[in-house]
Amino acid sequence: MALRIIIGLVLTAVAAGIAGRRLWWLVRIGRTGQPAPERIEALRQHPGQQGETQVTEVIGQRKLLQWSVPGLAHAFTFWGFIVLLLTIIEAYGSLFSRHFAIVLIGTWAWVGFIEDLFAVLVLAGIVTFAVIRLTTDPKRAGRRSRFAGSHTGAAWLVLLGIFLVIATLLLYRGAQINSGQFPYPHGAFASQIVGHWLHPLGAANAGIATTFILLQLAVILAFGVFVTYSKHLHIAVAPINVLFSRRPNGLGPLPPMRSNGKVLDFEEADPDSDVFGIGKIEDLSWKGMLDLATCTECGRCQSQCPAWATGKPLSPKMIILELRDHAFAKAPYLLAASEDARAALPDAARAEAERPIVGDADARGVIHPDELWSCTNCGACVEECPVDIEHIDHITGMRRYQVLVESAFPTEAATMLKNLENKGDPWGMGESRRADWMTDLDFEVPVVAGKIGDDVEYLFWVGCAGALEDRARKTTRAIAQLLHAAGVSFAVLGPAETCTGDPARRMGNEFVFSMLAQQNIETLTEAGVRKIVASCPHCFNTIAREYPQLGGNYEVIHHTQLLARLLADGKIKPVTPIEEKVTYHDPCFLGRHNRVFTPPREIMEQVPGVHAQEMHRCKERGFCCGAGGARMWMEERIGKRINTERIDEALGTDPDTISTGCPFCLVMLGDAVAAKKGAGEAKESLEVVDVAQLLVRSVQPAGTGPGPAGDGAGATGRP
Ligand code: SF4
Ligand code: SF4
């Protein structure tokens, strides 16, 4: 008895020492990151919201269960380990007393049943994981495997470890039954089966029980140590990462630039002491560092990334893993007590410290520029990540440093930035062209001069594309016609409107963004604007969710939301049937980033004759058109074009029309359809339209033709 107590306690002390040392090392690395007081503040202000996510995401496994088979397998394993904490208490108790039972509940049959039930479910879970890993082995499936790039060897070790935990558990419990030491008279069905197998061994069962109690503790302790050295650290840190994640999720607004925990003021910023984005690993906040430690390498993000799916080097998972590996390799430098200590480090450690965070192979960069600039900010990775890692924040942080400090970004995007600074729109067409779209309307659209009128309900935020891009202008005119027909009073800013700054911000040029945003907020405030309807999801997202960071607070609605409401209220009446099969494409910044999935579909439902059909990747799982993240203004030189991939999927539904709710999607998908038509792969009649254009055609009496055409004098597509 004394021997098993000594062995058990010595094993525990050794394991606790090794794991504790490793955890302290990880904490010290995290503390080299930037402060993130806003995360603490968010938790202080919304404890209920953060608590709810602990219940739904951590305990309820909400995001994991969206992938039913692996989700259920993970949920069984997770819940199993919570339940099996009871068996760990029992194993430790058995070290001291052969007849140990947990106080009060330790002999209840249903407790024994639940313990055994979850032991079996955990076994079922790991068998499922093993089958998934075998069938999606990256060695065979290549890039198509979500595990491509993950540490698959460690994953197999963990599966083996979990199997040994359950196997030793059932063996010692079975032997306990035969030696009269088992606390549960009934209920522990699996233990009883194992006990039945071991029964012929007679008196040896007492020794078998002792052996497997010690082995069970040894396996659990070894597993506990291994966890701190592997991706399975997420078992410990995922709940903390979820607790400090942005709510309602890491989508929608980008966080403002922070330096030393404070929002950066460009007028007062000091280039020598302030942090401008992420230029080195310690520029990440501690929350960013926590993201790196939390990644489970599950590859869900990678499997949904449009850049990865089209053969580009970007994988959101690999971004996190590359940063994590670099942080660990740079740790001796980060944790060195002094400059002398740093100078005394081995060459390899100092070389790691000198690696630029972004750079090509020659520069030994941690992240290749092609990875960094392939991101469309579509948010699919953030949406999928079961542990709430905020990939877009990391990518934006690195872009900010590249643009603001290094001036290193795709050259073709420089024209867009110059146009924004000089002309206030990405095409450089200037304010004088912003009212051109309304010239041939048969009613007058008021342009705000000074204060917006008391009788005007909405400011219609037209957006640069809506005002200047020839195809998007058709949508703008359709929206104006529908609002006019419904009797909604609205006005526009006309020449006083400038770009919201979204493309600059998504590229990383926070300086140009804040300049444009402040100018717009000033204009809107002077005009006394309170309610805005925006036709562009990027404008919608920026004004509704990013301008509040700069003091601009408005009630913002997307045109599909307003039109759906007007239809529901009977203020718009579609009459002319449109007998077409229509496939709707979810714009990322309308759908995933802002959860507007239903209104565009409601509009389509109301149009008589329309047969709506969904693409496989829709709603939360919608696939990007390729324009976001300022990608609209960059060449797409690597892999298949994202818009072509999307149109290939749309063509699979054999549509007559592809509809959307975003001018950028309209342009990107329109370009892909034109290319398909040119190659004879799509029917000539196939069109890409905004749902507003679809609706306006139905509202007009039959025979009056499609909505008003563009005048052909605007910009087309990319500059
Ligand atoms: S935001 Fe979209 S494109 Fe960017 S890494 Fe995530 S999934 Fe890929
Ligand atoms: S970032 Fe999230 S989704 Fe991607 S591999 Fe890591 S845990 Fe999985």
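Y458 stands opposite F490 in strand β4 (residues 490-491), and this pairing is a good way into the predicted model. Y458 belongs to strand β3 (residues 458-461), which runs parallel to β4 and is joined to it by 2 bridges. Another 3 bridges join β3 to β5 (residues 531-534), again in parallel, and there F460 has V533 as its bridge partner. Two strands count as paired if DSSP finds at least two bridges between them; strands (E, at least two residues) and helices (H or I, at least four) are DSSP runs numbered from the N terminus.

In a regular strand the side chains alternate between the two faces of the sheet. Both faces of β3 are covered: Y458 and F460 on one side, L459 and W461 on the other, are all buried. Buried means under 20% relative accessible area, exposed over 50%, and partly exposed in between (1.4 Å probe, protein chains only).

Now to the charges. The whole structure holds 49 salt bridges, each a side-chain nitrogen of Lys or Arg within 4 Å of a carboxyl oxygen of Asp or Glu. Here are three of them:

| Pair | Closest N to O | Relative accessible area |
|---|---|---|
| R39 and E390 | 3.0 Å | R39 10%, E390 3% |
| R506 and D502 | 3.6 Å | R506 1%, D502 7% |
| R505 and E546 | 3.4 Å | R505 1%, E546 0% |

R39, in helix α2 (residues 37-45), and E390, in the loop between α19 and α20, are 351 residues apart. R506 and D502 share helix α24 (residues 502-507), 4 residues apart, about one turn of the helix. R505 lies in α24 and E546 in α26 (residues 537-546), so their salt bridge ties together parts 41 residues apart in sequence. Elsewhere, a network of salt bridges links R617, K640, E645, R646, D648, E649, K676 and E681.

What about the cysteines? The structure has 0 disulfides, a disulfide being a pair of cysteine sulfur atoms within 2.5 Å. The sulfur of C625 has its closest cysteine sulfur in C665, at 3.8 Å, too far for a bond. C625 is buried, at 4%.

Around ligand 1 there are 13 residues, of which C305, C375, C378, G379 and C381 come nearest; a residue is near if one of its heavy atoms lies within 4 Å. Helices α19 (380-384) and α20 (391-406) each give two or more residues to this shell. C378 is buried, at 7%.

Residues are numbered from 1 along each chain as written, while chains are lettered from A and ligands numbered from 1 in written order. Local features need pLDDT of at least 70 and side-chain atom pairs 80 or more, totals for chains, interfaces and linings use all residues, and side-chain values use heavy atoms, without hydrogens or water.
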